[in-house]
Amino acid sequence: MFMQFVTGFQIFSSAIQPPLWATSRCRIRTRCNFSNSSYPHQVLQYIDEECGDFLPWLRQKSGAEISSVLSIGKSIYGRSLFACKPIQAGDCILKVPYSVQLAPDNLHPSINSLLGQDIGNVAKLALVILLHQRLGEASEWAPYISCLPRVEDMHSTVLWSDEELKMIKISSLYHETLKHKAQIEKDFSSIKHVLDRFPEYFDGVTLHEFKHAYNLVESRGWVSTRGVSMIPFADFFNHDANSETDVLSDDFKQVSEVIADENYAPGDEVLIRYGKFSNARLLLDFGFIIPRNKYDQVKVEVNAPQNDHLHALKLDLLHRHTTPSLKDVNDLSSQENCFMVMEVKSSSGKGRGIPQSLRALARVLCCTSPQELQDLAMEATQNDGRLARIPLKNRDREVEAHQLLHSRFSHMIENYKAALESLTRHSSEIHRRRMQLARDFLTGELRILESASSWLKNYCQL
């Protein structure tokens, strides 16, 4: 998935055609005082000498000033942008003309004409990246391409080995990753004949290399009027969930720009918000997580027992009263029996974080007679059409419904704890990094499950 992109005062965010996800660019501002083992204390280097020629090259190529207040620096997580002069909220801190942005239309027509209709913009732009990687210093984009992260520095779960993915098998992210990896492999198979036609550019390109280029696009691209665009310099911004800064697009002026949402002193890292993303989305898309992410959520699946004599009636009732769910920015594939649960802040509150639709399903599943189901249907018709959204009149049945959910959450909690206990040390540096990501990711999802379980237990005891 891509980062949000604002154009003409409308916000566009990518929908997963396959799920689009990305690299290890840790987006934590040191001033935010986050602490987690995935984010140890950072020693920052405000000038990245390896990219010393990049900004002058970009200015020359565009014929315009890109930024006079930002410099490329390094943290232990890779390249970042830092203020080199004082910045005030409202200042335009970066402008990148469309002419120096990479998009699918940069692919040579002789190559593009051989691609099928099923090849999307991500795969096409990945081919552009591969082409310029192969050209090396002969490429007109070499100063930019050379600054992109190496595959060993990226930790999106689509780049994890099968053995590494088993560490998060308990989470829905595992299955999302497998589906996305399958889509990348399908795209690679579909373009293999094109690669073979141009051995001077693509000789010996492997699935691993294509996956790297594909992930570079997904993690660093913005949806644009050209399909998807990689915006040199702008894609060095790190993520801050609390930032209100977006990348803006002015189609009339043919330029992308960034407006600061707060003041920065020289040496401060300048951040933007990629979107209101859960840790599953961040890890799949970008290869990092945020400790105690306020947008974090866990997918919970609840099914109607097959041996229930009212099974067919309950499914029919649920189907007739199901309201199509709106896609959220995390855009994980969903089913009618899957629910996204967020942290419940207080065990004595109203249970905000547990979807009302999940509680409604539990009430339906606990019905023991056709009459109870008819009563719920009548109640929905007399109100707003939504099913079982108010507590059942029978208090014992209401408690039973929530005990059903509590039992489901307790089972998931046991499985998550077992998964965490199974994580062991490994000698490989890259594996240790991913194991720590897996541990912190599962710990965050476990915290959400425990908060919901605590509220359900308290609700049943009232």
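## Helix 12: exposed and buried sides

In this predicted model, Thr381 and Gln382 of helix 12 are exposed. They lie on the other side of the helix from a buried set, which consists of Glu372, Leu373, Leu376, Ala377, Glu379 and Ala380. These buried residues cover an arc of only 160 degrees around the axis, and therefore fall on the same side of helix 12. An α-helix has 3.6 residues a turn, so residues three or four places apart point the same way.

The buried residues of helix 12 pack against three elements: helix 10 (311–320), helix 11 (356–365) and helix 13 (395–422).

## Helix 12: length

Helix 12 comprises 13 residues, 370–382. At 1.5 Å a residue, the expected span is 18 Å; the C-alpha atoms at its ends are 18 Å apart, so the two values agree.

## The hairpin of strands 9 and 10

Strand 9 (residues 247–250) presents Val247 and Ser249 on a covered face, while Leu248 and Asp250 belong to an uncovered one. Its partner is strand 10 (residues 255–259), which runs antiparallel to strand 9 and is joined to it by four bridges. Asp250 stands opposite Val255 of strand 10.

Four residues lie between the strands of this hairpin. Gln254 adopts a positive phi near 60 degrees.

## Ser113 in a loop

Ser113 is located in the loop that links helix 2 (109–112) and helix 3 (121–135). Its relative accessibility is 57%, and exposed means over 50%, so Ser113 counts as exposed. Ser113 and Val194 are separated by 81 residues in sequence, yet their C-alpha atoms are 9.7 Å apart in space.

Technical notes
Residues numbered from 1 in each chain as written. Predicted model: local features only at pLDDT ≥ 70, side-chain atom pairs only at ≥ 80, totals over all residues. Heavy atoms only, no water. Buried < 20%, exposed > 50% of the residue type's maximum accessible area, 1.4 Å probe, protein only. Helix = DSSP H or I, 4+ residues; strand = E, 2+ residues; numbered from the N terminus. Pairing = 2+ DSSP bridges. Expected span 1.5 Å × (residues − 1). Arc of directions from axis to C-beta. Contact = heavy atoms within 4.5 Å.
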